[in-house]
Structures are given as structure tokens and as C-alpha cells.
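Biologist: I'm new to this one, so could you take me through a single part of it up close? I'd like to hear about the sheet and the packing around it.

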Amino acid sequence: MTNLDHTTRRTFLSLTGGAATLVIVRPVDATTAMLSAAIRNVVGEANVRTGKVKLDIPPLVENGNTVPMTVSVTSPMTAGEYVKSIHVFNEKNPQPNVGNFYLGPRAGRAQISTRIRLADSQKVTAIARLSDDTFWSATADVVVTLAACTEEAI
């Protein structure tokens with residue numbers, strides 16, 4: 001083996017090793033600041049009050065891969081008074097705004113049902129924007145016994 005072959009192999013290995021380092025990126029851990037920023041992105045500087053929103057989510061779930069939830073808002077859903085949108089946030093997701101739902105007076109009732117993934121025990125918050133541009137919220141604690149995306153292969 002010549003010195004040129006050794007240098008070329010070393011150069012090749014260092015280049016490909018560097019490329020692999022760039023490809024393998026660990027997801028960003030969620031922070032309280034990220035959750036606050038996501039909420040502020042939706043509500044701006046408006047005050048978010050507690051009430052008018054009911055968050056129905058199990059307090060204890062066995063598997064975080066599919067957690068059912070329903071958000072309902074007290075509103076007559078008329079042309080003059082209705083829910084414009086419902087936003088769902090969770091505190092331990094790197095992208096904390098997990099759902100945005102847009103409604104109007106023709107929706108008939110201010111309620112959404114969906115399933116979300118939870119990687120760990122955490123708080124889930126639902127915020128509703130009403131037609132008068134006020135924001136109302138509800139928060140629930142959810143305990144997850146088997147986190148999403150962490151099951152071991154057998």
C-alpha cells in the first residue's frame with residue numbers, strides 16, 4: 001500500500017464520516033419557552049382566560065400513540081357569536097402546536113374530536129378564539145404509561 005492510497009482512503013473515510021454526522025440529527029427537546037412561543041404565535045399579545053372551553057381527554061392512558069380527545073366550547077354558534085378556531089398544544093412535543101381547527105357559525109356546534117400522540121406524561125392545552133377575538137382555554141394533565149415512539153422491538 002502506498003502513501004497515496006492511504007491518504008485517499010483516510011480522506012474518503014473522513015468525508016463520509018462527516019456526512020453521516022450531518023445526516024444523523026437528534027430531535028430538539030421541547031421546552032416551556034417553545035410552548036409559550038407557539039401559544040403567542042396564535043394569540044399574539046391577547047389575554048387568554050380560563051373558561052368556556054372543555055377539554056375531554058383521559059387523565060391516564062396506557063399508550064401514547066393514539067390518545068383520543070374532544071374539545072368543546074360554550075357558544076351559540078350564531079352569525080354574531082361563534083367560535084373562529086380551536087388550537088391544541090402539548091408541552092413536550094418539539095412542535096407544541098399539534099392541531100388547528102377553524103370553525104364558523106355554519107359549523108352548528110363548537111366541538112372537535114381527534115387523536116393525538118403523546119411521547120410522555122404532560123399537560124395538554126386547548127385554546128379557542130371567539131368571534132369577538134377573545135381567547136379562552138382549558139388545560140388537562142395526562143399520564144402516559146407507555147410513551148409514543150419508544151416501544152422496544154421484541
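Modeller: Sure, and keep in mind that this is a predicted model. Let's start with β2 and strand β4 (residues 67–73), which pair in the antiparallel sense over 4 bridges. One of the links to look for is aspartate 56, whose bridge partner in β4 is threonine 70. Zoom out a little and you'll find an open sheet of 3 strands, ordered β2-β4-β7, with antiparallel pairing. The edges are taken by β2 (53–56) and β7 (111–116); each has a single partner strand, so one side of each has no neighbour in the sheet. From one strand to the next, the twist averages 15°.

Now for the packing. The largest nonpolar core has 26 residues, and those touching the most other members are Val53, Leu55, Ile57, Val71, Val73, Val83 and Val124. Elements giving two or more residues to this core are β2, β4, β5 (83–90), β7, β8 (122–130) and β9 (135–146). Of these, β9 gives the most, with 5 residues. Leucine 55 is a good place to click: leaving aside neighbours within four places in sequence, its contacts are Met69, Thr70, Val71, Val124, Ala126, Ala138, Thr139 and Ala140. There's also a second, separate core of 8 residues, with Ala38, Ile39, Phe89 and Phe135 among them.

Phe135 turns up again if you look at alanine 46, which touches Arg40 and Phe135, not counting residues up to four places away in sequence. Alanine 46 sits in the loop between α2 (32–43) and β1 (48–50), and is partly exposed, with a relative accessible area of 24%.

Technical notes. Residues are numbered from 1 along each chain as its sequence is written. This is a predicted model: local features need pLDDT of at least 70, side-chain atom pairs count only at pLDDT 80 or more; totals for chains, interfaces and linings use all residues. Side-chain values use heavy atoms; hydrogens and water are left out. Buried means under 20% relative accessible area, exposed over 50%, partly exposed in between (1.4 Å probe, protein chains only). Contact means heavy atoms within 4.5 Å. Two strands pair if DSSP finds at least two bridges between them. Axes are lines fitted to C-alpha atoms, for helices over the stretch in contact, and angles run from 0 to 180 degrees between N-to-C directions. A nonpolar core is a set of buried Ala, Val, Leu, Ile, Met, Phe, Trp, Tyr and Cys residues joined through side-chain atoms within 4.5 Å.
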